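User: I'm new to this structure and would like to learn how its labels are justified. Could you take me through some of them?

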Amino acid sequence: MTEGREKVYNADYGTEERKYKGTMEKEADKAKKELALKLIERLKAEYPDAGCTLDYDDAWKLLVSVRLAAQCTDARVNVVTEELYAKYPDVDALAAAAAEDIERIVRPCGLGKSKARDISACMKMIKEEYGGKVPDDFDKLLKLPGVGRKSANLIMGDVFGKPAIVTDTHCIRLVNRMGLVDGMKEPKKVEMALWKLIPPKEGSSFCHRLVYHGRDVCTARTKPYCDKCCVSDLCKKAGV
């Protein structure tokens, strides 16, 4: 084969290989979208009333609670915030509180110093820049101290009823097990992948149901109870 013909052959082969890979990727994406819809319906039937397990009656309280929930159970956060909100019942009161005083109350949630510092700075910013109201804009939420993508998505979905994907530890672990993503652990990457698969109106509720399922059935600290799993016939890791 001459050099010229070899170059043409290699170019043609490369083009065909890219087309083949592209076709396979499209088919894989289609299969994952179909799987996602089935998982959504199964989990919806199993956990029809699933919602946020943090207690709140105002957006700013959910912001505080989700910050406290880092490396802490929601149940403990709900107990601690009762005392916190009794002493500081609104944004103004919490913004005026010394971080040290906040820390004394939230210490049982762990990481008390950093959490108290973030809560204090966050409430001050909400008071000074947003008139005491939590902004209903994702990018503005991300600018608040202590607020990351998970927290911002939770606020957008639960408080403002907007499309949201909350990639907490349960979500990341389960969507990998179920086959919606493959070996993906970084929260933002998982979030971006799920946006392509989950209908926007289903995202927030789907993530809440994953939390319930992860706690009750597809557990992390024990072998998952695949025998009583409502999606075992769909799950890539069923029985593992």
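Analyst: Happily! In this predicted model, Asp182 has a relative accessible area of 47%.

User: What makes Asp182 partly exposed?

Analyst: Partly exposed covers the range between under 20% and over 50%. Asp182 has 47%, so it belongs there. Lys236, with 48%, is partly exposed as well.

User: Why is the pair of Lys236 and Asp182 called a salt bridge?

Analyst: The closest N and O atoms are 3.5 Å apart, and the cut-off is within 4 Å. The pair therefore qualifies. Lys236 lies in the segment after α11 and Asp182 in the loop between α9 and α10, 54 residues apart. Lys32 joins Asp182 and Lys236 in a network of salt bridges.

User: How do you know that Glu202 is buried?

Analyst: Buried means under 20%, and Glu202 has a relative accessible area of 12%, so the label fits. Glu202 also forms a salt bridge with Lys44, with 3.0 Å between the closest N and O atoms. Those partners are 158 residues apart.

User: Why does Arg209 have no salt bridge?

Analyst: The nearest side chain of opposite charge, Glu202, is 4.9 Å away, while a salt bridge needs a distance within 4 Å. Arg209 therefore has none, although it is buried.

User: What lies 2.8 Å from a polar atom of the Arg209 side chain?

Analyst: That is the backbone oxygen of Tyr47. Beyond its neighbours within four places in sequence, Arg209 is in contact with several residues, among them Leu43, Lys44 and Pro48.

How values were computed:
Residues are numbered from 1 along each chain as its sequence is written. This is a predicted model: local features need pLDDT of at least 70, side-chain atom pairs count only at pLDDT 80 or more; totals for chains, interfaces and linings use all residues. Side-chain values use heavy atoms; hydrogens and water are left out. Buried means under 20% relative accessible area, exposed over 50%, partly exposed in between (1.4 Å probe, protein chains only). Lys and Arg count as positive and Asp and Glu as negative; His and the chain ends are not counted. A polar contact is a pair of N or O atoms within 3.5 Å; within protein, one must be able to donate a hydrogen and the other to accept it, and residues adjacent in sequence count only if both atoms are side-chain atoms. Contact means heavy atoms within 4.5 Å. Helices (H or I, at least four residues) and strands (E, at least two) are DSSP runs, numbered from the N terminus.
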